[in-house]
Amino acid sequence: MTRAVEVAASARLTSSPNPWVGAVLVSGDATWEGVTSPPGGPHAERHALAAAGDRARGATLYTTLEPCSHHGRTGPCTSALIEAAVARVVIGTEDPDPQVSGTGVAVLRAAGVEVEVGMLRDVVERQLAPYLCHRRTGRPLVVCKLAATLDGRTAAPDGSSQWITGSEARADAHRLRAESDAVLVGAATIRADDPSLTVRDIDLPAGVEMEDVQPLRVVLGAAPESARVHPAVELDGDLAGVLDELGDRGVLQLLVEGGASVAGAFHRAGLVDRYVVYFAPALFGGENAAAMFSGPAAPTIDDVWRGAIVDVRSLGGDLRIDLE
């Protein structure tokens, strides 16, 4: 299962809105691997079965997500496993998609296949968090990305902010964009900075082009016609409604990039699932530099949002901290 998780990562940029699943088929000392293809292509289990051929009979399949049991763009993976006479299937976590949701396990067991569920569940569910969130709630997983100095400031009093962090942190942020189905900013940020919100400067797997990993660009409010963000989706209204709209569009992960008022609004509404903060070893040293969030702060210490630091990594001279 550890290997299935490892190979699943190779499909992270290409499989959405399908889940990035890894599968490893084992028979004696021989193994065959598969990962989810881009939409319309075979699922991970079918790739592993195709690689094994007749040697799949009596083998054990390790797969990060419950095999599908319905006809979509491809046939059910459960049927392929049964036809190949796989003896045992080990699953990382159940698929909450209403079209699967336990039926994959039930179909396999009814056919006499031994099924085990829950191996490395915590690891698998973290890897598949955007997909699982979308299928459970109908909304995307919301990631709020911030870049700041160590005293929590994002721009100088004159508005300049390029660049607070170094090249490695910026490349990592572009990778985060590539992993997201949509990136969202407020119209004020568009007017002030005119960002393109495109993915650049990252290494891509063989056969994947930069145009394949560009997120949907979303503006809260109206962007000027000449803005570089176009073509973009312009949305207004309640933030919960915005998330419902994006969920209906098949967005599994939404990257909220700002500005401070938008980040603050998502934060105060309790709609952020994960914060990714890039800290530079720099200090503005005063209160008139721009803060990470604008708007009213928590009124008392008892009202302060408290999460958990789930990852810390060095990126050149900067630090990335993930909080949930």
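**Note on the predicted model**

1. Helix H10 is followed by glycine 270, and the phi angle of this glycine is positive, near 70 degrees. The structure discussed here is a predicted model, and the points below should be read with that in mind. Helix H10 itself spans residues 260–268, and its buried residues are Val262, Ala263, Gly264 and Phe266. What lies over these buried residues of H10 includes strand E6, strand E8 (182–186), strand E9 (216–220), helix H9 and strand E11 (253–258).

2. Two residues that are not glycine also deserve a look for their backbone angles. As a general background, most residues other than glycine have a negative phi. Alanine 85, although it is not a glycine, has a positive phi of about 65 degrees, and this alanine is found in the loop between helix H3 (77–83) and strand E4. Its relative accessible area is 23%, so alanine 85 counts as partly exposed. Serine 101 has a positive phi as well, near 35 degrees, and serine 101 lies in the loop between E4 and helix H4 (103–110). With a relative accessibility of 46%, serine 101 is likewise partly exposed.

3. The peptide bonds offer a further point for checking, given that most peptide bonds are trans. A cis peptide bond joins glutamine 162 and tryptophan 163, with omega at about 0 degrees, and tryptophan 163 is placed in the loop between strand E7 (153–155) and helix H7 (167–179). Another cis peptide bond joins histidine 230 and proline 231, where omega is about 5 degrees; proline 231 sits in the loop between E9 and strand E10 (233–235).

4. How many salt bridges does the structure hold? There are 19 of them, and one is formed by arginine 139 with aspartate 244, whose closest N and O atoms are 2.8 Å apart. Arginine 139 lies in the loop between helix H6 (129–137) and strand E6 (141–149), whereas aspartate 244 belongs to helix H9 (residues 239–248), so this pair ties together parts that are 105 residues apart in sequence. Arginine 139 is partly exposed at 24% relative accessibility, and aspartate 244 is partly exposed too, with a relative accessible area of 33%.

5. Two further salt bridges can be set side by side. Arginine 313 forms a salt bridge with aspartate 311, the closest N and O atoms being 2.5 Å apart; arginine 313 is partly exposed at 34%, and aspartate 311 is partly exposed at 24% relative accessibility. Aspartate 322 forms a salt bridge with arginine 320, with 2.8 Å between the closest N and O atoms. Are aspartate 322 and arginine 320 buried or exposed? Both of these residues are buried. Elsewhere, salt bridges that share partners join Glu94, Arg121, Glu125 and Arg136 into one network.

6. A nonpolar patch on the surface, of about 250 Å², is made by Ile309, Val312 and Leu319. Leucine 319 has its place in strand E15 (residues 318–323). With a relative accessible area of 31%, leucine 319 counts as partly exposed, and this value matters to the reasoning because residues enter a patch only with over 30% relative accessible area and no salt bridge.

7. Which residues does arginine 88 contact, once its neighbours within four places in sequence are left aside? Arginine 88 is in contact with Ala59, Thr60, Leu61 and Tyr62, and also with Val113, Glu114 and Glu116. This arginine is found in strand E4, which covers residues 88–93. The C-alpha atoms of arginine 88 and glycine 112 are separated by 9.1 Å, while the two residues are 24 residues apart along the chain.

8. Aromatic rings complete the list of points. The structure holds one aromatic pair. In addition, arginine 12 lies over the face of tryptophan 20, at a distance of 4.0 Å from the ring centre.

Key:
Residues are numbered from 1 along each chain as its sequence is written. This is a predicted model: local features need pLDDT of at least 70, side-chain atom pairs count only at pLDDT 80 or more; totals for chains, interfaces and linings use all residues. Side-chain values use heavy atoms; hydrogens and water are left out. Helices (H or I, at least four residues) and strands (E, at least two) are DSSP runs, numbered from the N terminus. Contact means heavy atoms within 4.5 Å. A salt bridge is a side-chain nitrogen of Lys or Arg within 4 Å of a carboxyl oxygen of Asp or Glu. Buried means under 20% relative accessible area, exposed over 50%, partly exposed in between (1.4 Å probe, protein chains only). Rings of Phe, Tyr and Trp (its six-membered ring) pair if their centres lie within 6.5 Å; planes under 30 degrees apart count as stacked, over 60 as edge-to-face and the rest as tilted. A charge sits over a ring if NZ of Lys or CZ of Arg is within 6 Å of the ring centre and within 35 degrees of the ring normal. Patches are made of residues with over 30% relative accessible area and no salt bridge: like charges are joined within 9 Å, nonpolar side chains (Val, Leu, Ile, Met, Phe, Trp, Tyr) within 5 Å. Accessible areas come from the Shrake-Rupley method with a 1.4 Å probe; for residues, only the protein chains shown count as cover.
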